[in-house]
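Visitor: I am new to this structure, and I would like a close look at a single part of it. Please take the pocket and its surroundings slowly, and explain your terms as you go.

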Amino acid sequence: MKNNDAVLIQRVLDGDDTAFSALVRKYQRSVHALAWRKIGDFHIAEDIAQDTFLKAYQRLSTLKEPQSFASWLYVITANHCKAWLRKNQRWTRSLEETSSAQLEKATYSGYIIAENERMTVETQREVVKKLLAKLQESDRTVITLYYLGGMTYGEISEFLGVSEAAIRNRLYRARRRLKKEEPMIREALGNFQITPSLTDNIMREISRLKPVAPSGGKPLVPWAIGVSTLAVILLMLGVGTQYLSRFQRPYSFDAASEMIVEIVEASIVLNLESKPDVRTQIGRTAASSKNDGSGQQPDGVLFPAAQTDGEDVPISKQQWVQTSEPGGIVVMALAAIPEGNLYTVDGMGDFYKLANNENRWQRIFNVGSLNTPWGGNPPIAKWDNTLYLVPSNELFASTDNGKTWNLLYSWHEGYRYPVELVPTDQAFYLAFDNGIFRSEDTGKTWQIIDDGLTGRIESFVKIQNTLFAGTKTGLYRLNTDSWQRLQFPVSEAETIQSVAATQERLYVAAQLDWGRLSRDDRQQISEGQRRSWWLFRSTDKGDSWTDITPTNAWAILGYPPHIRLVGKETVLLVIGMSDGVVVRSIDSGNTWSHKETTGISPTRFSVTEAVALNKSTFYAGGNRGIFRSTDGGISWHRFNRKMKSRVYNLITFRKMDKGGNMSTVLYARVSGELVKTTDHGRSWKTVQVKIPMKASQREEPPLIDEIVASGDVLYAKGKVPFEEVRLYRVSTDSNTLIPIQEVPVFYPAALIDKGFIEQFQENIHGAAQFFKQLAAPDVQWSGELLRGGLRGAFAVSGDIFYMEYNYKLFRWKQGETEWFDTGVEETAELSRDTIRQGFKLAASGNTVYVGKRDGHLVVSFDRGNNWIDLTPILPFSVKVFKEIVFAGPTVYVATDVGVTVSSDGKRWHAIADAAGTRLVMEKLAVGGNTLYGVSKAGVYRLESANGTWGQVAPKIADRVTSLVVDGGVLYVGTRSSGMLHFNLDE
């Protein structure tokens, strides 16, 4: 990009518009690549590129440094992307939301394809986008600009405003990180072509415009320059402009000065799948008392020992018992076979079987042991007592119910993403996303059958022995050796989203092809003025169709809902893939009923697979585990028994029902969700925010990253995509999350120019050490630093809320308009390990304790106005705080060298066992006024008679993430075994 931009710009200002067309041709691929990187939709990115150049043309005379035209375009593009995202908060997903463990397994496969492949406009683009998720934020932008934008090192350097050496280093690092995926990404990005007429379209619009002269006014002082830069950076990070006005004016394109800033892109989205939180708020540790600093008194009423699957466990032999897992499982495949057995593959490749009439999943083997690539939704089928599995481009068979597998056939590398394996009476058929094959010798040899078939294949089903394929371009029926495209009553309903077949009926969910719509068409859909989706039924194998779209469910006008169809006999279910809604018909689609709160998780891609065993029993699976309905789809519950899952927080309440009986409600936080059980872990339901179903653009549900209890209320802290941290409370019926109104907005930090650090700190909440490290030129993990700042500790005492934000503690009382800076913050250097450790925080009445990452324990007896450093008077030196809990006026602090206790905050002593050994407790919990702690050796109770630890439960064979006590039962949340319980009664 050797800069003759200044010459071209001057020619434009002199009236030569052809010079601007040269600028468009020069930068259009770069601008489009950046927009695609931020938006995720290839065609919408073209619209944004066009808007960017129109804005640049109009404001060209305001650019004071023409040699910085490339960086200026970057700013304009980012602003347009931000505006689009704010207006269209729907099926965009931050790359950081994908779990790190799953991304590590993404070699053309796994979680990447499972979430996106069935609902994309151009699947290859989505695959590439998800593979890029394995990179750091800055590296993703560089590799996209290099391959898709077609830019050189120097051009990217100029465009981003960073050194060429840094660009080379980032590209090298990206290539090394991707390893074998890099050639595919290089080829794919290089082949993505923007509309050839884009330059002509832009120049046609420009012919109606003229550049705007700069507005008058005094030159901006350096502080104002810094604030403008901050606004730009905040927009890059996804912050709404309505929040900026509280501290400074939004960035203006009329500004009399421009500057080049390096933007390292970092969507502030909670990476809830990375590693389990070290800190969890356990039990009921915050009191409703307002002035005495005393903790609350948890109820100590006992209940009978919990049972597992209806079986009594002799107390004398009782060990830790696993309950039904509350969530955290990613389901890649779900298949029902004729005899009633069910098979599934989870995100880690574990292959499970649910035998007919059984109530637990049985793990058979791991797909990784086959030494073959695997991913997407690996098809599973059974025929003539042989089980078949297609992990990627190889077909395996098992004759011993999945214990051992033999390779039958391999396809070449061009076929990687299998869709469905369908046996018929005459042959086997296997559909990949880009081709369909037939075998007449039970899988030994295969012949491609693609005559007349076009478009990416999304669905593949049969009615009796007739095959149907749903693609991006329509629905096709196989007639002997060729495919016939079937006609719907609405010709523009081309893209097939889902297909379901019963013995006699065919159901199809179809929608408009977004890639073929004009800009005006898209705008009308966005504003809810045009229909974009339909549901059709055929009873004659596709020769004729009836429109059976439910009109009393999702909005007919506006964006199409993302749905899965599943049916049995006359029962048809339409399941929302990301909202948990189920629309149900028992008469083959003639009439409909719907239920918004079903028990299915209302989060993105919670349903990607659905199967029916009979007209009463249905299963659905996705990135929130498996859900089962036994009443024909009316109600659902999680069904992940004996599967691996992670639980972060546990909190228990005792509530009195209308009949005056006490019952236990146990809450758990799993993978960004709040779930509850009222039957001691046998079944779990999601506690969710109510979102209107009829809206043409539905708000995303929050990702919950912390839950705490205060008095009789459960509170949650979470984040809505593209928004800031929000606070919620659980409704009195414990079924929904209710937003707490008028919570002041926290303003997110940004990767900022080191020269403006002081000015930025005046307007942005956070620790000085946090900003210092963000401004460091060699910071390579800024995304983790930013996300860690949002995942801080959270506590509530009465109507006072405490929250760690960007490694600093703030306080807010309902009715106040601002968060109060308590002055407590991290001063030691932050690292990946210390970020995960976090503040350890506990509040009761006016008393607040904070255990910091630097080993200091501080306390405030006046709600955070004044602080005392207790570190010098502790009985031992501490490096890591693990937990702080109240039991009445007494506070217990668990550390890396033992537990210490104080009843007044002034005198402290260590707790040991009968032999005088200090035990290291990972988690603490209070039952009544009795303290419990879990160590690597088991669970201990602090004996009131002698003040020493006594073991009450055996070792737990998994890492414990949380501990609660309810009467005579211990519950622990674990890293991979879900929730376990142990009966203390003997």
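Guide: What follows starts at the pocket, moves to a strand beside one of its lining elements, and ends with the nonpolar cores.

This is a predicted model, in which local features need pLDDT of at least 70 and side-chain atom pairs count only at pLDDT 80 or more, while totals for chains, interfaces and linings use all residues. Residues are numbered from 1 along each chain as its sequence is written, and side-chain values use heavy atoms, with hydrogens and water left out.

The largest pocket holds about 1400 Å³ of space, where a pocket is an open set of points on a 1 Å grid over the protein atoms alone, reached by a 1.4 Å probe, with protein on both sides within 12 Å along at least five of seven lines, and the volume is the space filled by probe spheres set on the points. Its lining, meaning residues with an atom within 4 Å of a point, consists of 46 residues, and those closest to the pocket's centre are Ala-336, Val-461, Lys-462, Ala-501 and Lys-568. Two or more lining residues come from each of β2 (331-336), β6 (380-383), β10 (418-423), β14 (457-463), β18 (495-501), β22 (563-568) and β26 (609-612); such strands are DSSP runs of E with at least two residues, and helices are runs of H or I with at least four, numbered from the N terminus. The largest contribution is that of β14, with 6 residues. Sorted by class, the lining has 24 nonpolar, 10 polar and 12 charged residues, with Asp, Glu, Lys and Arg counted as charged and Gly among the polar ones.

One of the lining strands, β10, leads on to β11 through a hairpin of 4 residues. These two strands run antiparallel and are joined by 5 bridges, where pairing requires at least two bridges found by DSSP, and Val-422 stands opposite Tyr-429 in β11. On β11 (residues 428-432), 5 of the 5 residues are buried, so the strand is largely enclosed by the rest of the structure; buried means under 20% relative accessible area, calculated with a 1.4 Å probe on protein chains only. In a regular strand the side chains alternate between the two faces of the sheet. Here Phe-428, Leu-430 and Phe-432 point one way, whereas Tyr-429 and Ala-431 point the other way. A second hairpin, through 2 residues, joins β11 to β12, and this antiparallel pair also has 5 bridges, with β12 covering residues 435-439. Across this pair, Phe-428 stands opposite Ser-439.

The largest nonpolar core, a set of buried Ala, Val, Leu, Ile, Met, Phe, Trp, Tyr and Cys residues joined through side-chain atoms within 4.5 Å, has 30 residues, of which Leu-475, Phe-488, Leu-506, Val-508 and Trp-545 touch the most other members. At least two residues of this core come from each of α2 (18-39), α3 (42-58), α4 (69-87), β14, β18, β19 (506-511) and β20 (533-538), and α3 gives the most, with 4 residues. Setting aside neighbours within four places in sequence, Trp-545 is in contact (heavy atoms within 4.5 Å) with residues including Leu-475, Phe-488, Leu-506, Val-508 and Phe-536. A second, separate core has 25 residues, among them Val-24, Leu-60, Phe-69 and Leu-73.

Note on methods
Buried means under 20% relative accessible area, exposed over 50%, partly exposed in between (1.4 Å probe, protein chains only).
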